[in-house]
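User: Please take a close look at one part of the model below. A plain account of that part and its surroundings is enough.

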Amino acid sequence: MAKIELQNIAHSYNPQAADKAYALNPFNMTWVDGGRYAILGPSGCGKTTMLNIMSGIVQPSEGKLLFNDVDVTKLSTSERNIAQVFQFPVIYGTMSVEQNLAFPLVCRNFEKAVIVAKVQEVAGALSLEGLLKKSASKLTADQKQLISLGRGLVRDDVAAVLMDEPLTVIDPDLKFRLRRQLKEINQKYRSTLIYVTHDQNEAMTFAENIIVMDAGSIVQVGSPSELFERPKTTFVGYFIGAPAMNFFECKLEGSHNVSFGGASIITETDLSKTGEATLKLGIRSEYIRIVETAGINTIKAQVQRVEDLGTHKLVSAIFDNQNVKIKVKRDQEVPLDSVSLEFPARHCCVYEKEQLI
Amino acid sequence: MNFKHKYLFLLPGLLVLLGILIFPIGFTVRLSLSSWDSFYPALDFIGLDNYVRLFTDDKRFWEAFGRLSLLSLTTVFLQYVIGFSLALMVWKEIVFQRFFRVLFLIPMMTTPVIMTVIWRTFFHESLGPVNDLLSYFDVTPLWLSSELLAKFTVILVEVWQWTPFMFLLLLAGLLSLPKEPFLAASIDGAGPIRTFVYVTFPLMAPISIGAIIIRLIEASKIMDTVYVLTSGGPGTATETSSFYIFIKGLREFQFGYSAALSFTYLIIMIISLTIIAKILVKLMVRGN
């Protein structure tokens with residue numbers, strides 16, 4: 001396994017053009033050896049381009065890629081010693097499961113005894129022991145995807161296992177099991193796992209660190225809780241969490257206060273250096289509380305509808321022509337007309353020009 | 001819309017189908033049960049006499065069928081190997097890629113009969129340029145009048161004419177393949193031979209089978225090349241089933257008997273091509 005560094009990496013699909021458009025804007029990034037990462041972002045944000053640059057499928061138009069401080073930018077895919085799992089399972093259909101797992105070692109002329117031992121070990125880790133003699137083409141989609149992963153794990157010297165939306169074709173109940181297996185594998189082999197997805201739930205449950213991307217740029221890197229609690233931009237706030245973070249157009253009122261619709265909201269953010277008069281207040285629907293009486297940090301909103309989502313209720317309300325979403329427990333009674341909502345100060349985030357203050 | 005209206009809309013299509021497919025086959029079957037020839041041009045009924053004659057007293061037809069099998073299997077095999085090689089050559093980015101892609105298709109765009117006349121001129125044993133050149137080495141092979149070389153010449157012309165068709169189908173197949181299996185093979189460290197054996201060939205198997213079967217159907221009807229190049233000769237050395245049926249029907253005017261030959265030939269071809277397709281699937285699509 002290796003530490004992977006991306007130094008001023010950028011990619012444009014038309015690098016010669018005068019006004020070249022970047023698929024990936026210049027950035028620096030270090031992937032710690034043995035880390036478990038997820039690259040998260042909407043379709044077309046550049047996450048697959050970033051993964052393909054690391055695997056060597058795409059040559060970056062600018063910057064350097066280092067594996068353990070060695071420049072590998074110009075090396076081919078096979079010379080980089082990485083493993084990649086694609087969106088759709090890639091198996092060698094004419095081979096058995098055992099032959100599939102052994103293939104990377106056979107190609108590298110390992111001794112037979114080493115190959116057998118390694119295949120057994122990886123098959124055990126992936127729960128594929130019983131299927132070793134079976135034809136790979138006869139397996140289910142999730143088993144095939146495990147083989148793709150297994151081919152990456154049989155090599156001890158693999159720098160990182162890159163996964164490009166690997167669970168897309170997997171049934172929801174199996175996704176959970178596979179994610180758990182991936183975590184176990186990461187802990188067992190200390191392999192650097194980099195996982196590309198547009199599903200925030202997958203990213204949040206899998207990764208230690210999440211890289212959120214938008215329009216070719218990295219907008220935030222952090223743990224799932226950091227992304228949830230303190231989104232650095234309004235985009236992250238919208239993108240992470242279900243429902244998305246509530247945002248309200250508001251005005252600066254004091255060193256820690258903002259106001260909108262006649263309500264004053266105290267936050268824990270120091271706003272004394274803020275130049276902008278118009279700001280945005282963000283708060284997660286999970287942290288808004290329905291209270292019986294109006295007090296500090298409360299607003300009086302009109303309830304629009306209450307949806308029972310099985311695990312909780314989602315209340316949609318309107319205040320000052322702005323929508324508010326509140327998550328409450330299933331058994332909580334919600335008034336169907338007006339309701340007082342409390343915004344706890346420590347959960348209020350204030351944004352200036354879409355950036356967290 | 002009620003049930004009957006559906007048939008009204010289907011009727012034009014059904015009539016065309018009846019006219020162009022079912023009627024000719026039905027008429028051929030009926031004709032095969034008659035003794036219609038130049039002496040007695042009438043649709044009488046002689047039962048299975050023509051078929052009895054075919055199975056008991058027509059060695060020449062079966063010899064022609066054996067020859068056809070040899071010629072068609074050999075030509076299609078060579079077309080597949082050469083066509084696949086050429087398609088692989090221009091599949092990846094190479095210099096003058098477009099030029100080569102068009103160049104390899106030219107033989108298919110030419111008129112087969114005219115090209116066969118040109119080939120016949122090439123291989124003409126006393127006047128052709130091939131023997132003219134070879135005469136410098138004191139060799140003048142009998143390209144069209146030796147039993148073995150005449151077969152070789154027919155195969156050569158057929159391969160030249162129809163390899164581009166195979167090339168076209170296989171190139172289209174290669175261009176439609178997903179790129180991930182190739183990337184995975186590269187990541188796994190597979191070289192070009194392993195990538196071909198374990199990725200390209202298995203992925204191309206369904207397309208290959210389709211292309212081979214299409215060409216086998218076409219090759220089994222081989223007629224114009226033989227007609228122009230050798231007229232089935234020397235003797236009957238290059239006479240194929242379709243050429244033999246042509247002789248019986250349009251030279252000897254034994255319409256009833258040639259209909260029986262045609263129908264028998266059709267049945268044999270359907271059965272043998274089905275068997276060949278199944279064998280190919282078993283051989284080439286091993287994983288499934």
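How many C-beta neighbours does A:Asn81 have inside 10 Å, and does A:Asn81 count as buried or exposed?

Analyst: This is a predicted model: local features need pLDDT of at least 70 and side-chain atom pairs count only at pLDDT 80 or more, while totals for chains, interfaces and linings use all residues. Residues are numbered from 1 along each chain as its sequence is written, and chains are lettered from A and ligands numbered from 1 in the order in which they are written.

A:Asn81 counts as buried because there are 21 C-beta neighbours inside 10 Å. The cut-offs are 20 or more other C-beta atoms within 10 Å for buried, 12 or fewer for exposed, and partly exposed in between, with C-beta atoms placed from the backbone. A:Asn81 is not a glycine, yet its phi is positive, at about 55 degrees. The residue sits in the loop between E5 and E6 of chain A. Strands (E, at least two residues) and helices (H or I, at least four) are DSSP runs, numbered from the N terminus.

On one side of this loop, strand E5 belongs to an open sheet of four strands in the order E2-E1-E4-E5 (chain A), with antiparallel pairing. Strands E2 (22-31) and E5 (70-71) of chain A are its edges, each pairing on one side only; pairing requires at least two DSSP bridges between two strands. Within the sheet, E1 (residues 4-12) and E4 (residues 62-67) of chain A are antiparallel and share five bridges. One of the residues involved is A:Gln7, whose bridge partner in E4(A) is A:Lys64. Helix H1 (residues 47-55) of chain A packs on the sheet and touches E1, E2 and E4 of chain A, its direction making about 120 degrees with that of E1(A). That angle lies on a scale from 0 to 180 degrees between N-to-C directions, with axes fitted to C-alpha atoms, for helices over the stretch in contact.

On the other side of the loop, strand E6 leads to the partner chain. In total, 21 residues of chain A are in contact with 15 residues of chain B, contact being C-beta atoms, placed from the backbone, within 7 Å. Strand E6 (83-85) and helix H2 (97-107) of chain A each supply at least two residues of the side of chain A that touches chain B, and the largest share, three residues, comes from H2(A).

A:Ala215 also has a positive phi without being a glycine, near 45 degrees. A:Ala215 lies in the loop between strands E9 (209-214) and E10 (217-222) of chain A, and is partly exposed, with 14 other C-beta atoms within 10 Å.

Conventions
Contact = placed C-beta atoms within 7 Å.
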